[in-house]
Amino acid sequence: TSQMALEDIAMMRCLPDSVVLYPCDAVSTYKLVAEMANYTAGISYIRTTRPKTLVIYDVHEEFPIGGCKILRQSADDVACVVAAGITVFEALKAYELLQQEGINIAVIDLYSVKPLDVTTLVLLGQQSGGNIITVEDHYVQGGIGEAVAMAVSHEKIKVVALAVSQLPRSGSPEKLMAWAHIDAQAIVNSVKNT
C-alpha cells in the first residue's frame with residue numbers, strides 16, 4: 001500500500017478554529033505559508049503535493065485564507081469542478097478535453113479548504129447548471145466533497161464527490177489517480193453524466 005495520507009484533511013478540518021490549506025503550485029504554497037504564519041486564532045495546516053507541478057500563478061497573486069481561485073468560467077458551463085492541490089491540474093486537463101467536444105465547465109482551485117469561500121461556490125454552482133463536481137486525493141469522509149456539499153446544502157445544487165474510496169496502492173501519480181477515478185478522464189465522465 002501507499003504511505004500517502006488520505007485522511008489528514010478530515011482530521012484537521014474537525015478541530016475548532018483550524019485553518020486547512022491545500023495549494024497547487026509553488027507560488028500559492030509560498031504565499032499560503034506566509035498566511036499561516038500570521039494566523040493566530042488556532043491551529044493551521046497546509047497540505048502540499050510531492051510530485052512536481054507547473055506554476056500557474058503569477059508571483060503577485062494573493063491567496064487570502066478563506067478564498068479560492070476561479071481558473072475557468074463561461075456563460076455556458078454545465079458543471080463547476082472544484083479541485084485542490086494535485087487535482088487542480090486534472091481538472092484543467094478535463095477542461096481541455098471537454099472543450100474539444102464543445103462542453104464548457106468552470107474550474108475552481110479550492111486552496112482554502114477551511115474556511116471555504118461559500119459565496120463563490122454557491123454562485124458558480126448556480127451558474128453551472130446547479131452542478132458541482134469535487135475531485136480530491138483524499139477519502140470522501142471528511143474531505144473536500146463533504147465540506148462543499150455542506151456549504152451549499154441550503155441551495156439547489158447537486159454535489160458529486162470524486163474521491164479515493166479504498167486503501168491506496170503504490171505507483172506513479174498518474175496511474176494512482178486513474179485507479180482511484182480522480183483523474184481528468186474520471187472528471188470528464190462525471191461531467192457527461194450530470
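What covers the buried residues of α3? Before selecting that helix, note that this is a predicted model, in which local features need pLDDT of at least 70 and side-chain atom pairs count only at pLDDT 80 or more, while totals for chains, interfaces and linings use all residues. Residues are numbered from 1 along the chain as its sequence is written, and side-chain values use heavy atoms, with hydrogens and water left out.

Begin with the whole chain, coloured by secondary structure: there are seven helices and eight strands, where helices (H or I, at least four residues) and strands (E, at least two) are DSSP runs numbered from the N terminus. The chain is as compact as a globular protein of its length, because its radius of gyration of 16 Å is close to the 16 Å that the globule rule gives for 194 residues; the radius is taken over C-alpha atoms, and the rule is 2.2 Å times the number of residues to the power 0.38. Along the principal axes, the C-alpha atoms fill a box of roughly 45 × 40 × 35 Å. Of the contacts with a separation of 6 or more, 79% are between residues 24 or more positions apart, a contact meaning heavy atoms within 4.5 Å.

Next, select helix α3, residues 87-99. Its 13 residues should span 18 Å at 1.5 Å a residue, which agrees with the 18 Å between its end C-alpha atoms; the expected span is 1.5 Å times one less than the number of residues. Show the side chains of T87, V88, F89, E90, A91, L92, A94, Y95 and L98, which are buried, that is, under 20% relative accessible area, with exposed meaning over 50% and partly exposed in between (1.4 Å probe, protein chains only). To answer the opening question, add β3 (69-72), β4 (77-83), β5 (104-109), β7 (131-139), α6 (173-179) and α7 (184-192), which are included in the cover of these buried residues.

From α6, move into the loop that leads to α7, where H181 is found. H181 has a positive phi of about 60 degrees although it is not a glycine, and at 54% relative accessibility H181 counts as exposed.

Then select D17, in the loop between α1 (8-13) and β1 (19-21), which likewise is not a glycine but has a positive phi of about 60 degrees.

Finish at P115, in the loop between β6 (112-114) and α4 (118-127), and display the backbone from K114 onwards: the peptide bond that joins K114 and P115 is cis, with omega about 0 degrees.
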